[in-house]
Amino acid sequence: MVDDRGRATRPGYPSDSCGLPKPGGLAAIKELTPVGSTEHRIALSDDQIYELSHCRPAYRPATTGTAALASLSAGSVFCRFSATEFVGTSSTTETFDGLPPAPDCDAVATEVASTIYVDRPTNEERLLTVELDGCRRVIADGYAPMQASDELLVSFR
């Protein structure tokens with residue numbers, strides 16, 4: 001925030017000498033009229049991205065297996081990749097249980113979303129990848145690919 005003399009101050013919640021919030025001060029701040037703003041973007045390290053989203057921003061293709069996955073509980077924040085380049089994160093509240101097995105397919109996905117999940121039988125962290133184009137599969141590391149539903153894919157758009 002900048003005052004009428006051009007002096008900048010870092011805004012914060014008003015508090016009293018004990019550190020407790022002062023509702024009257026906050027009400028006064030809410031009455032101020034904004035005249036402009038500047039956005040400052042801060043790049044996060046790979047570790048910070050993982051801490052915030054539980055996804056790895058370095059692309060790694062999923063490893064397919066042959067065993068069917070009985071149940072899958074995965075996080076809701078996914079790292080997004082265009083080709084193999086990290087382009088950000090997205091969230092979904094869709095479930096991954098009950099998806100049918102994916103048919104054979106040779107199309108290459110150029111847009112994918114991935115996250116880390118804990119495999120229930122082994123209690124290990126594994127990668128879950130959703131192909132947003134190409135074969136449009138859901139691949140949990142070490143398990144047979146499943147076919148992504150249209151509803152699931154729409155939730156990533």
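A cavity is a set of grid points where a 1.4 Å probe fits but cannot get out. Keep that in mind for the first stop. The model on screen is predicted.

**Stop 1: the enclosed space**

Select L69, S71, L72, S73, Y117, V118, D119, R120 and P121. These residues line the largest cavity. The space inside this cavity is about 30 Å³. A search of the whole structure for cavities of 30 Å³ or more finds 1. Colour the lining by class: 5 residues are nonpolar, 2 are polar and 2 are charged.

**Stop 2: the largest nonpolar core**

Now select F96, L128, V130, V138 and L152. The largest nonpolar core has 18 residues, and these five touch the most other members. Next, show the elements that give two or more residues to this core: β3 (111-119), β4 (124-131), β5 (137-140) and α3 (150-154).

Move on to a second, separate core. This one has 5 residues, including I49, C55, C79 and F81.

Go back to V138 and show what surrounds it. Which residues is V138 in contact with, leaving aside its neighbours within four places in sequence? They are F96, L99, L128, T129, V130, P145, M146, A148 and L152.

**Stop 3: β4 and its two partners**

Select β4 by itself. Why is β4 largely enclosed by the rest of the structure? Because 6 of its 8 residues are buried. The cut-off for buried is under 20% relative accessible area.

Add β3. The strands β3 and β4 run antiparallel, joined by 8 bridges. To see one of the pairings, pick I116: its bridge partner in β4 is L127. Then follow the chain round the hairpin of β3 and β4, where 4 residues sit between the strands. Stop at N123 in this hairpin, which has a positive phi near 60°.

Now add β5. It pairs with β4 over 3 bridges, again in the antiparallel sense. Click on L128: A140 in β5 stands opposite. The hairpin of β4 and β5 has 5 residues between its strands. One of the residues to click in this hairpin is G134, with a positive phi near 70°.

**Stop 4: two residues with positive phi**

Most residues other than glycine have a negative phi. Here are two to check against that.

Select R136, in the loop between β4 and β5. R136 is not a glycine, yet its phi is positive, about 60°. Is R136 buried, exposed or partly exposed? Its relative accessible area is 30%, so R136 counts as partly exposed.

Jump to A83. This residue sits in the loop between β1 (77-82) and β2 (85-91). A83 is a residue other than glycine, and its phi is positive, near 60°. A83 is partly exposed because its relative accessibility is 48%.

**Stop 5: the largest pocket**

Select M1, V2, D3, R7, T9, L32, T33, P34, V35 and G36. Together they line the largest pocket. What is the volume of the largest pocket? It is about 330 Å³. Colour the lining by class again: 5 nonpolar, 3 polar and 2 charged residues.

Keep M1 selected. M1 lies in the segment before α1 (23-30). Its relative accessibility is 44%, so M1 counts as partly exposed. Show its contacts: not counting residues up to four places away in sequence, M1 touches R7, A8, T9, P11 and L32. Then draw a distance from M1 to V35. These two residues are 34 residues apart along the chain, and their C-alpha atoms are separated by 9.9 Å.

**Stop 6: the second largest pocket**

The volume of the second largest pocket is about 170 Å³. Its lining has 13 residues. Select the ones closest to its centre: Y59, P61, A109, E131 and R137. Which elements give two or more residues to this lining? They are β4 and β5, the strands that pair over 3 bridges. By class, the lining has 9 nonpolar, 2 polar and 2 charged residues.

**A last view**

Finish with β3, β4 and β5 on screen together. Each of them gives two or more residues to the largest nonpolar core. β4 is joined to β3 by 8 bridges and to β5 by 3.

Definitions and conventions. Residues are numbered from 1 along each chain as its sequence is written. This is a predicted model: local features need pLDDT of at least 70, side-chain atom pairs count only at pLDDT 80 or more; totals for chains, interfaces and linings use all residues. Side-chain values use heavy atoms; hydrogens and water are left out. A nonpolar core is a set of buried Ala, Val, Leu, Ile, Met, Phe, Trp, Tyr and Cys residues joined through side-chain atoms within 4.5 Å. Buried means under 20% relative accessible area, exposed over 50%, partly exposed in between (1.4 Å probe, protein chains only). Contact means heavy atoms within 4.5 Å. Two strands pair if DSSP finds at least two bridges between them. On a 1 Å grid over the protein atoms alone, a cavity is a set of points where a 1.4 Å probe fits but cannot get out, and a pocket is an open set with protein on both sides within 12 Å along at least five of seven lines; lining residues have an atom within 4 Å of a point. Grid points are joined across faces, edges and corners, and a volume is the space filled by probe spheres set on the points. Ala, Val, Leu, Ile, Met, Phe, Trp, Tyr, Cys and Pro count as nonpolar, Asp, Glu, Lys and Arg as charged, and the others, Gly among them, as polar.
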